[in-house]
Amino acid sequence: METKMKSFKLLLAIIFTLNSSPAFAEVRFVHITDLHLFESPDRHHEAKDSLAYFNIAVERINDIEKSLTKNHHQLDFVALTGDIGIEKLITKNAISKTEAKTHSDTIIIEEGNQFFELKKEPKHWKKSVKTIADVIAKSKIKLWLLVPGNNDLFDELASTVHFYADFVHDVQEAVKAKNPRIQIVDFRLESHNKIGAFEAGTLKIDDNIFIGWNNAFFKNNYSIKRFLDTHNHPKRLTSLPEYKALDKLADTLKHTDAKFAYILFHIPEVDDPWRVNFEVDPEDANDNTVSKTLREAAQISPKLAKDIYPYSAWMVPMEIRKMWEKIITNVHAKTEIKGLFAGHFHDRQRAIYESFGWLRETRYRPEILSILHIAPSLSVKNQASFKPQDRARGGQLVHIDNDGEVKLERFWIEDVVK
């Protein structure tokens with residue numbers, strides 16, 4: 001109880017600080033990420049803990065809204081940037097090549113010379129939809145913007161985002177039945193969801209445009225294989241899903257009349273703290289560590305091995321990385337990108353989310369790092385062995401002022417749950 005009270009007082013102090021800013025601050029929202037509500041049976045205890053923290057987070061967001069209302073302000077939306085854990089709701093069944101050609105109404109993947117059909121596990125799916133809908137229905141914030149994470153895809157395959165889309169749709173319907181004032185949005189540029197008259201994956205508030213960008217597949221299981229054909233030659237750049245995602249983002253920015261832009265996505269381009277801390281995993285030689293990535297790359301494509309950023313959370317060709325940098329740092333664009341909001345990390349050290357002095361890779365553009373804001377996860381993943389006060393779990397309270405500048409404070413949730 002004492003820990004919870006301290007945490008709540010800190011939250012009120014944050015709100016007071018931000019409300020002491022100029023009165024013309026225009027946009028306020030809370031950014032949360034990485035729920036990991038659905039896990040394999042051996043990690044059920046983690047999923048249960050993460051669900052408790054998701055409930056606490058919604059309560060905390062409601063407290064923020066209540067405090068803001070007293071000062072005649074409000075939160076414009078909640079941004080949830082992926083990793084609900086949808087991949088655990090999908091089953092993989094082997095089928096023949098003949099069946100693969102005839103099953104046009106399902107998602108088929110090929111691994112080597114084998115074909116597999118991906119399906120929702122009905123009971124688990126229905127229960128999981130209800131689980132997340134029950135929590136969001138308690139929200140006092142009317143608008144929730146959702147983008148997918150790598151754990152919302154099957155095997156981090158871009159083509160399996162349909163499961164994420166179906167899940168969000170089902171949650172939309174379930175929440176509507178409980179609390180019709182809440183709008184859940186599949187906030188991807190490629191989705192069919194729209195907020196009013198805005199294009200899918202966009203929300204314009206005064207001079208600001210918020211863009212939901214799906215980069216959930218940029219991790220690629222830390223392997224370069226997906227950029228290569230069967231002969232280990234690089235695939236055509238424009239055929240890659242990463243290229244298509246960036247091209248769509250560039251086109252959206254080109255055609256907006258907004259003065260400032262803010263991008264919501266899951267995986268940041270920078271080093272993953274896990275890879276920085278565990279270059280080699282002594283307990284699992286097959287883990288996706290830096291040493292394994294470099295060894296594999298050197299064996300199948302020495303040229304690509306020289307170009308990759310081995311510690312980065314992105315495993316993409318250099319051309320994709322340069323394409324991203326060009327879009328974000330384009331000083332001649334009429335719309336200036338002022339904020340990048342991502343998640344994905346599970347490190348318990350709070351300093352990881354507050355600065356980038358820990359990075360090993362030196363090639364990241366400083367002008368991009370200066371506008372990148374990574375939210376801590378709500379999940380207990382990689383933090384379960386530490387006491388709640390020694391974990392980094394919480395969210396980001398964001399204000400955007402009249403000049404488009406981001407004023408951000410992270411809030412930490414240290415409640416003890418059973």
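## Enclosure of helix α10

In this predicted model, helix α10 spans residues 318-328, and eight of its eleven residues are buried, so the helix is largely enclosed by the rest of the structure. The buried positions are Met318, Ile320, Arg321, Met323, Trp324, Glu325, Ile327 and Ile328. The elements that cover these buried residues include α6, β10, α9 (302-307), β11 (336-342) and α11 (366-369).

Among the covering elements, α6 packs against α10 with an axis separation of 10 Å and an angle of about 10 degrees. That angle makes α6 roughly parallel to α10. On the α6 side the contact is formed by Glu242, Tyr243, Leu246, Asp247, Leu249, Ala250 and Leu253, and on the α10 side by Ile320, Met323, Trp324 and Ile327. Sorted by class, the residues of this contact comprise nine nonpolar, no polar and two charged.

## Packing of helices α2 and α4

A second helix pair consists of α2 (residues 44-70) and α4 (residues 122-136), whose axes lie 9 Å apart at an angle of about 25 degrees. Because angles under 35 degrees count as roughly parallel, α2 and α4 are roughly parallel to each other. Helix α2 contributes Leu51, Phe54, Asn55 and Val58 to the contact, while α4 contributes Thr131, Ile132, Val135 and Ile136. The contact of α2 with α4 has six nonpolar and two polar residues, and no charged residues.

## Aromatic pairs and cluster

Over the whole structure, a search finds 19 aromatic pairs. One of them is formed by Phe210 and Tyr262, which are stacked, with 5.2 Å centre to centre and 25 degrees between the planes. This pair links distant parts of the chain: Phe210 belongs to strand β9 (residues 208-212) and Tyr262 to strand β10 (residues 260-264), 52 residues apart. Both Phe210 and Tyr262 are buried.

The rings of Trp213 and Phe218 have their centres 5.3 Å apart and their planes at 75 degrees, so this pair is edge-to-face. Trp213 and Phe218 are likewise buried. Ring pairs also join Trp213, Phe217, Phe218, Phe265, Trp314 and Trp324 into a cluster. Trp324 is in addition one of the buried residues of α10 and takes part in the contact of α10 with α6.

## Charges over rings

Two arginine residues place their charged ends over aromatic rings. The charged end of Arg321 sits over the ring of Tyr309, 4.0 Å from the ring centre; Arg321 is itself among the buried residues of α10. The charged end of Arg348 sits over the ring of Phe386, at 4.1 Å from the ring centre.

## Positive phi values outside glycine

His36 has a phi near 50 degrees, a positive value in a residue other than glycine. This residue lies in the loop between β1 (27-32) and α2. His36 is buried, with a relative accessible area of 3%.

Tyr222 also has a positive phi in a residue other than glycine, near 55 degrees. Its position is in the loop between β9 and α6 (241-255). With a relative accessibility of 6%, Tyr222 counts as buried.

## Buried strand residues Gly394 and Leu145

Gly394 is located in strand β13 (residues 394-400) and is buried, with a relative accessible area of 0%. The C-alpha atoms of Gly394 and Pro376 are 5.8 Å apart in space, although the two residues are 18 residues apart in sequence. Leaving aside residues up to four places away in sequence, Gly394 touches Ile32, Pro376, Ser377, Leu378, Phe411, Trp412 and Ile413.

Leu145 is located in strand β6 (residues 143-146). Its relative accessible area is 1%, and Leu145 is therefore buried, the limit being under 20%. Between Leu145 and Arg188, which are 43 residues apart along the chain, the C-alpha separation is 9.1 Å. Beyond residues up to four places away in sequence, Leu145 touches Phe77, Val78, Ala79, Leu80, Val185, Phe187, Ile195, Leu203 and Leu264. One of these, Leu264, falls within strand β10 (residues 260-264), the strand that also holds Tyr262 of the stacked pair.

How values were computed. Residues are numbered from 1 along each chain as its sequence is written. This is a predicted model: local features need pLDDT of at least 70, side-chain atom pairs count only at pLDDT 80 or more; totals for chains, interfaces and linings use all residues. Side-chain values use heavy atoms; hydrogens and water are left out. Rings of Phe, Tyr and Trp (its six-membered ring) pair if their centres lie within 6.5 Å; planes under 30 degrees apart count as stacked, over 60 as edge-to-face and the rest as tilted. Helices (H or I, at least four residues) and strands (E, at least two) are DSSP runs, numbered from the N terminus. Buried means under 20% relative accessible area, exposed over 50%, partly exposed in between (1.4 Å probe, protein chains only). A charge sits over a ring if NZ of Lys or CZ of Arg is within 6 Å of the ring centre and within 35 degrees of the ring normal. Axes are lines fitted to C-alpha atoms, for helices over the stretch in contact, and angles run from 0 to 180 degrees between N-to-C directions. Angles under 35 degrees count as roughly parallel, over 145 as roughly antiparallel, 65 to 115 as roughly perpendicular and the rest as oblique. Contact means heavy atoms within 4.5 Å. Ala, Val, Leu, Ile, Met, Phe, Trp, Tyr, Cys and Pro count as nonpolar, Asp, Glu, Lys and Arg as charged, and the others, Gly among them, as polar.
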